[in-house]
Amino acid sequence: MSASLPQLIIRWLVLAVGVTVATHLIPGIVCETRTALFVVVVLLSFFNAILRPILVFFALPFIVATLGLGMVIINALLFLLVGRLVEGFHVSGFWAAVGGSLIVSATNYLIGGLL
């Protein structure tokens, strides 16, 4: 159990870097406080662990038919949902959520590959 806690903290830090980069690069995404950033990271982690597999299961035919584009839509919807739930974190619309989720995914991939 002690080995999984550092891994979780590293994942959260990488996710926080991704969300921060998204707020700087995408005009429709704003994170006002560090507390909001922390809540966003926790909620995104929770949604990715619990809600995302359920959505992927039900959308699997769509994901296969679109050659994986459905995953981008699922990630964007989760990002948009977090933007609606967290006070101090604003996502202006679906396309901003798509851009933010792509940046967060790319950041997770790049930093995860380095670690």
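This is a short tour of a predicted model, going from its core to its helix contacts and then to a few single residues.

**The core**

Let's start on the inside. The largest nonpolar core is made of 30 residues, and the ones with the most contacts inside it are Ile29, Phe79, Val82, Phe89 and Val91. Several elements chip in: α1, α2, α3 (69–85), β2 (89–91) and α4 (94–114) each bring at least two residues. The biggest giver is α2, with nine residues.

Isoleucine 29 is a good place to pause. Setting aside neighbours within four places in sequence, isoleucine 29 is in contact with Ala22, Thr23, Phe79, Phe89, His90, Val91, Ala96 and Gly100. Three of the names from the core list, Phe79, Phe89 and Val91, turn up again among those partners.

**Where α3 meets α4**

Next, have a look at how two of the helices cross. The axes of α3 and α4 come within 8 Å, and the crossing angle is roughly 105°. Angles of 65 to 115 degrees count as roughly perpendicular, so that is the word for α3 and α4. On the α3 side, the contact is made by Val72, Ile73, Asn75, Ala76, Leu77, Phe79 and Leu80. On the α4 side, the residues are Phe94, Ala97, Val98, Gly100, Ser101, Leu102, Val104 and Ser105. Sorted by type, the residues of this contact come out as 11 nonpolar, four polar and no charged.

Serine 101 is one of the residues on the α4 side. Is serine 101 buried or exposed? Its relative accessible area is 5%, and buried means under 20%, so serine 101 counts as buried. Leaving out residues up to four places away in sequence, serine 101 touches Val72, Asn75, Ala76 and Phe79.

**Spans from the record**

The unreviewed UniProt entry places the feature "transmembrane region" at residues 12–30, 36–55, 62–82 and 94–111. In the model, residues 36–55 are 100% helix and 0% strand, with 25 Å between the end C-alpha atoms. Residues 62–82 are 86% helix and 0% strand, and their end C-alpha atoms lie 23 Å apart.

**Residues towards the outside**

Now for some residues with more open surroundings, starting with a table.

| Residue | Place | Relative accessible area |
|---|---|---|
| Histidine 24 | helix α1 | 65% |
| Proline 27 | loop between α1 (4–25) and β1 (29–31) | 78% |
| Proline 53 | helix α2 (residues 34–65) | 43% |
| Leucine 67 | loop between α2 and α3 | 79% |

Exposed means over 50%, so proline 27, at 78%, counts as exposed. Proline 53, at 43%, counts as partly exposed. Histidine 24 is exposed, and leucine 67 is exposed as well.

Leucine 67 has another quirk. Its phi is positive, about 55°, although leucine 67 is not a glycine. Most residues other than glycine have a negative phi.

**Distances through space**

How far apart are the C-alpha atoms of proline 27 and alanine 96? They are separated by 7.5 Å, with their positions 69 residues apart along the chain. Histidine 24 and tryptophan 95 are 71 residues apart in sequence, and their C-alpha atoms are 15 Å apart in space. For proline 53 and alanine 65, the separation is 12 residues in sequence and 18 Å from C-alpha to C-alpha.

Terms used
Residues are numbered from 1 along each chain as its sequence is written. This is a predicted model: local features need pLDDT of at least 70, side-chain atom pairs count only at pLDDT 80 or more; totals for chains, interfaces and linings use all residues. Side-chain values use heavy atoms; hydrogens and water are left out. Helices (H or I, at least four residues) and strands (E, at least two) are DSSP runs, numbered from the N terminus. Buried means under 20% relative accessible area, exposed over 50%, partly exposed in between (1.4 Å probe, protein chains only). A nonpolar core is a set of buried Ala, Val, Leu, Ile, Met, Phe, Trp, Tyr and Cys residues joined through side-chain atoms within 4.5 Å. Contact means heavy atoms within 4.5 Å. Axes are lines fitted to C-alpha atoms, for helices over the stretch in contact, and angles run from 0 to 180 degrees between N-to-C directions. Angles under 35 degrees count as roughly parallel, over 145 as roughly antiparallel, 65 to 115 as roughly perpendicular and the rest as oblique. Ala, Val, Leu, Ile, Met, Phe, Trp, Tyr, Cys and Pro count as nonpolar, Asp, Glu, Lys and Arg as charged, and the others, Gly among them, as polar. UniProt positions are given in the numbering used here, feature names are shortened, and annotations may be inferred rather than shown by experiment.
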